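Visitor: I would like a walk around this model, with a few questions along the way. Could you be my guide?

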Amino acid sequence: MITSVRGTKDILPEEIPIWDFIERTLKKVSKLFGFQEIRLPIFERTEVFQRSIGENTDVVNKEMYTFLDRGGNSITLRPELTASVARALIQNNLILENSALRLWYYGPLFRYERPQKGRLRQFHQYGAELIGSSQPEADVEIILLAVEIIKELGIKEYTLLLNSIGSSRSRQNYRKALVSYLNQHSSKLSKESQERLKRNPLRILDSKDPQDFDVIQNSPIIYEYLDKESTEHYETTKDLLKTNNIPFKENPFLVRGLDYYTHTVFEFQNNYLGAQDSFGGGGRYNELLAQFGARKNIPAIGFALGIERIILILESQSIKLSPENTKIFVAYNNQTYIPKVIELAHKLRQLGLSTIFDLQKNSLKSQLKEANKNLVDFAVLVCDEEVKSNSLSIKNMKDGSQINLPFDQAIEFLLKSSS
Ligand code: HAM
C-alpha cells in the first residue's frame, strides 16, 4: 500500500460539509466587508519568501519546501501568502495612489513542521490583506473582519491577543535592551532559547518552554521603547477596539514568527488547541512592499486563519453538519427497463433533483439496500406494474411509506417534496 506523506491529510466526503460551510462563510463575510478574492501560484521563486519572512525565522530556516526545478531555478512551495500578495501587487501594478486595496485569499500552504494535533505539513489558510492605509482605523477594520468571520463560523470561545512591536527603529532599540538582559540570564534559558538568542532573540518571548517563563516575565517591556508615533498608533487602535466592543488582551510578549511585521500584531487563541493554541494571526507590515520594489513604503495590514485548526475547534463544540444528500434513487426489477431508468434519471436531473441509479445490475432488493446506504430521500420504482400502467411508485426512505401515481403526477410530487 502506498500511503500519503506524513503531515498531509485526505479530506474525505464525510468531512466536506464542514469545509463547504467554512468556505461559504469566508466568502460571504469577505464580500460584506468589500474584500475581493485573489488567487496566486502554489509555488514561487524562493527569494519571494526568504528575505521578507526573514532568514532567521523558523519558517525560512527549517520549514520551507525548497527544490531546484529542471531549469535549475530555486522554487519554494508557499509557506504563507502575504509575501506572494506583495509580489503580485507590485508585479501587476495594482497599487493606486490614495486608495486602499482589500484582498482575500484561500488555499493550501506548506511548512515542514513536526506534525501533531493542529499542525500539518500541508494545511489551509484564509487570509485578508488591507493595503494602502497607515491609519489605526485600518487595523480595526481588519480585526473586525476577522472577528465577524469567527462569529459567523460559530466559534464560541476565543481570546484576541494584541501587541505593538513598533516601527523597525524602535524595535532595534528594544532588541538591544532585550539581548543585553537575556545575555545576563542566558544560563537559565532552555537550549532552544539559548540558540535563538544568537539568531532571533525576540522569538524567545514566544517560547512555550516553562523553563523560560521566569526570565521572560522579568524581561524589558517593548512599550517603553516605542517611539511617539508607534505609541500613538497603538493607543488609538486600542481605543477604537474598545469603542467597537471588541474585547482583547494585551500581551507585550506577542512577537509573531515572521519578520515583516511592524506596529500592531495580534493572534486569536482557543484553549482547546493545546500547544497549537493559535488559530489565526496577523499584523501590520508597513515595510514589506518596498522590499518587492514599491517606490516608497506602502503601509498594509492583514491576518490569516488556519482552517484545520478552526475545524478542530468546531468539532470540540460538537458542531455537526450533515452532507447534502442525493435525493432520489431510481430502482428497477428488470434489466430491459434500464433505458427507461436512464431517461427518467435524466429528466429528474434536468428538473434539479439529484438522482442516482444502480450500475451493478443488482436485484431490486439490493438496489433498495444501496438506496438506504446512500441516504436518499426517495426510491422511485420502475418495475413491471409501473411500466405497464405508465406510473411510478415512490418509496419514502425515511418512513417506509409508498405511493403509486401516474407518471406526470409522480414527477410533480417529487418536485414538491424536494423543494
Ligand atoms: P501565521 O501565524 O504563520 O501567519 O499563520 C496563520 C495561521 O495559520 C496560524 O494561526 C495557524 O492557524 C495556521 N497554521 C500555521 N502553520 C500551520 C501548520 N503547520 N498546520 C496547521 N495550521 C497552521 C501567517 O501566515 C501570516 N501570513 C498572516 C498574515 C497575513 N499576516 C499579515 N497578513
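**Around the ligand**

Guide: Gladly; let us begin in the ligand shell, where a backbone N or O atom of Ser278 lies 3.4 Å from an oxygen atom of the ligand. Please keep in mind that this is a predicted model.

Visitor: What percentage of the accessible area of the ligand does the protein cover?

Guide: On its own, the ligand has 660 Å² of accessible area. The share of that area covered by the protein is 95%.

Visitor: How far is a polar side-chain atom of Tyr260 from a nitrogen atom of the ligand?

Guide: Let us take Tyr261 beforehand: an N or O atom in its side chain is 2.6 Å from a nitrogen atom of the ligand. For Tyr260, a polar side-chain atom and a ligand nitrogen are separated by 3.0 Å.

Visitor: Which residues come nearest to the ligand?

Guide: The ligand has 27 residues around it. By type, this shell holds 10 nonpolar, 10 polar and seven charged residues. Those that come nearest are Glu80, Glu113, Leu120, Glu129 and Tyr261.

Visitor: Which strand supplies the largest share of the shell around the ligand?

Guide: At least two shell residues come from each of strand E6 (122-131), strand E10 (278-284) and strand E11 (300-306). The largest share is six residues, and the strand that supplies it is E10.

**The five-stranded sheet**

Visitor: In what order do the five strands of the open sheet with mixed pairing stand?

Guide: Start at the edges, where strand E13 (355-357) and strand E16 (402-406) each pair on one side only. From one strand to the next, the twist averages 25°. Read across the sheet, the order is E13-E12-E14-E15-E16.

Visitor: Which residue in E14 stands opposite Ile328?

Guide: Strand E12 (residues 328-332) runs parallel to strand E14 (residues 378-382), and five bridges join them. Opposite Ile328, the residue in E14 is Phe378.

Visitor: What angle does the direction of helix H13 make with that of E12?

Guide: Two helices are worth a look here. Helix H12 (residues 338-350) lies across E12, E13, E14 and strand E15 (391-396), at about 165° to E13. Helix H13 (residues 364-373) touches E12 and E14 as it packs on the sheet, and its angle with E12 is about 175°.

**The three-stranded sheet**

Visitor: Why is one side of E2 and of E3 left without a neighbour in the sheet?

Guide: This open sheet is antiparallel, with its three strands in the order E2-E4-E3. Strand E2 (43-45) and strand E3 (65-68) stand at its edges, so one side of each lacks a neighbour in the sheet because each has a single partner strand.

Visitor: Which residue in E4 is the bridge partner of Phe43?

Guide: E2 pairs with strand E4 (residues 74-77) over three bridges, in the antiparallel sense. Within E4, the bridge partner of Phe43 is Leu77.

Key
Residues numbered from 1 in each chain as written. Predicted model: local features only at pLDDT ≥ 70, side-chain atom pairs only at ≥ 80, totals over all residues. Heavy atoms only, no water. Pairing = 2+ DSSP bridges. Helix = DSSP H or I, 4+ residues; strand = E, 2+ residues; numbered from the N terminus. Axes fitted to C-alpha atoms, helices over the stretch in contact; angles between N-to-C directions. Contact = heavy atoms within 4.5 Å. Near = heavy atom within 4 Å. Polar contact = N/O pair within 3.5 Å; in protein donor to acceptor, adjacent residues only side chain to side chain. Areas by Shrake-Rupley, 256 points an atom, 1.4 Å probe, with all protein chains shown as cover. Nonpolar A, V, L, I, M, F, W, Y, C, P; charged D, E, K, R; others polar.
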